[in-house]
Amino acid sequence: MAGKRKKDHKRLIIILIVITLVFIWGNSMIPGSLSSEMTEWLKDVLGRILPFFKGGGTESGGHILRKAMHFTEYCILGMEFTCLKNNSRKLDNCKVILLGILAAMIDETIQLFTPERAGMLQDVWLDTAGFVTGFVLITVIHKLRA
C-alpha cells in the first residue's frame with residue numbers, strides 16, 4: 001500500500017512539474033507587447049489589492065514585477081523538483097540543480113525566437129537563483145521533518 005501511495009505522489013509531482021514548465025515556457029512564447037500588457041494588468045491588480053505596490057514608475061515597477069515573477073516561478077519549480085528527488089532514487093542534488101539550469105536556459109532560448117522578446121543571460125542567473133532557493137527551502141524542511 002505504501003509503495004502505491006509513493007508512486008501516486010511521484011506522479012502528482014511530475015504532473016505539477018509539467019504544468020509549471022508549460023506555464024513558464026508558454027509565457028516565454030508570448031510576444032513582448034502582449035507580455036508587457038499582461039504585466040501592466042497584473043501590476044494594476046496588485047496595486048488595488050496592495051496599495052503600497054503602486055509606488056515606483058511604470059517602467060521600473062513592471063521590470064521589478066517581471067523579475068520577481070521569474071524568481072517566483074523558478075522557486076516553485078525548484079520546490080517541485082526537490083520533492084521529486086526526495087521520492088526518487090534516480091535523482092540526486094547535482095542532477096536536480098542541472099535540471100533547473102537547463103529549464104532556465106531553454107526558457108531564455110525560447111525568448112530568442114519570440115517576437116519583441118530577448119533571451120538574457122541575467123535571467124538565466126535569476127531563474128537559477130529562484131530554483132536554488134526552492135531547492136534549499138524544501139531540503140531544509142525535509143531535514144527538519146526527518
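Modeller: One term first: a residue is buried under 20% relative accessible area, exposed over 50%, and partly exposed in between. The model itself is predicted.

Colleague: Let's try that on a salt bridge. What does lysine 43 pair with, and is lysine 43 buried or exposed?

Modeller: Lysine 43 meets glutamate 40 in a salt bridge, at 3.8 Å from N to O. Lysine 43 is buried, because its relative accessible area is 15%. Glutamate 40 is partly exposed, at 32%.

Colleague: Where do glutamate 40 and lysine 43 lie?

Modeller: Both are in helix 2, three residues apart, which is about one turn of the helix.

Colleague: And where in the chain is confidence lowest?

Modeller: In helix 2, residues 32-49, with a mean pLDDT of 86. Confidence is highest in helix 4, residues 93-112, at 97. The chain averages 90, and 92% of the residues score at least 70.

Colleague: Back to the charges. How many salt bridges are there?

Modeller: The count is five. One of them joins lysine 67 and aspartate 123, with the closest N and O atoms 2.5 Å apart. This pair links distant parts of the chain, since lysine 67 is in helix 3 and aspartate 123 is in helix 5, 56 residues apart.

Colleague: Is lysine 67 buried or exposed? And aspartate 123, buried or exposed?

Modeller: Lysine 67 counts as buried, at 19%. Aspartate 123 is buried too, with a relative accessible area of 3%.

Colleague: Which residues are joined into one network by salt bridges that share partners?

Modeller: Lys4, Asp8 and Arg11. Within that network, lysine 4 and aspartate 8 have their closest N and O atoms 3.2 Å apart. Both lie in helix 1, four residues apart. Lysine 4 is exposed, at 52%, and aspartate 8 is partly exposed, at 34%.

Colleague: What does histidine 70 touch?

Modeller: Leaving out residues up to four places away in sequence, histidine 70 touches Asp107, Glu108, Gln111, Asp123, Leu126 and Asp127. Histidine 70 is in helix 3 and counts as buried, at 10%.

Colleague: New topic. How many aromatic pairs are in the whole structure?

Modeller: One. Phenylalanine 81 and phenylalanine 131 form a tilted pair, 5.9 Å centre to centre with 50° between the planes. Phenylalanine 81 is in helix 3 and phenylalanine 131 in helix 5, so the pair ties together parts that are 50 residues apart in sequence.

Colleague: Is phenylalanine 81 buried or exposed? What about phenylalanine 131, buried or exposed?

Modeller: Phenylalanine 81 is buried, at 9%. Phenylalanine 131 is buried as well, at 1%.

Colleague: How many residues are in the largest nonpolar core?

Modeller: It has 15 residues, and those with the most contacts inside it include Phe81, Phe131 and Leu84. Helix 1, helix 3, helix 4 and helix 5 each give two or more residues to this core.

Colleague: What is leucine 84 in contact with?

Modeller: Setting aside neighbours within four places in sequence, leucine 84 contacts Lys10, Ile13, Ile14, Ile17 and Leu91.

Colleague: Last one. How many disulfides does the structure hold?

Modeller: Zero.

Colleague: Why is there no bond at cysteine 75?

Modeller: Because the closest cysteine sulfur, in cysteine 83, is 11 Å from the sulfur of cysteine 75, too far for a bond. Cysteine 75 is buried, at 11%. For cysteine 94, the closest cysteine sulfur is also in cysteine 83, 19 Å away and too far for a bond. Cysteine 94 counts as exposed, at 55%.

Key. Residues numbered from 1 in each chain as written. Predicted model: local features only at pLDDT ≥ 70, side-chain atom pairs only at ≥ 80, totals over all residues. Heavy atoms only, no water. pLDDT = per-residue confidence, 0-100. Phe/Tyr/Trp six-rings, centres within 6.5 Å; stacked < 30°, edge-to-face > 60°. Buried < 20%, exposed > 50% of the residue type's maximum accessible area, 1.4 Å probe, protein only. Core = buried A, V, L, I, M, F, W, Y, C linked by side-chain atoms within 4.5 Å. Contact = heavy atoms within 4.5 Å. Disulfide = S-S within 2.5 Å. Salt bridge = Lys/Arg side-chain N within 4 Å of Asp/Glu carboxyl O.
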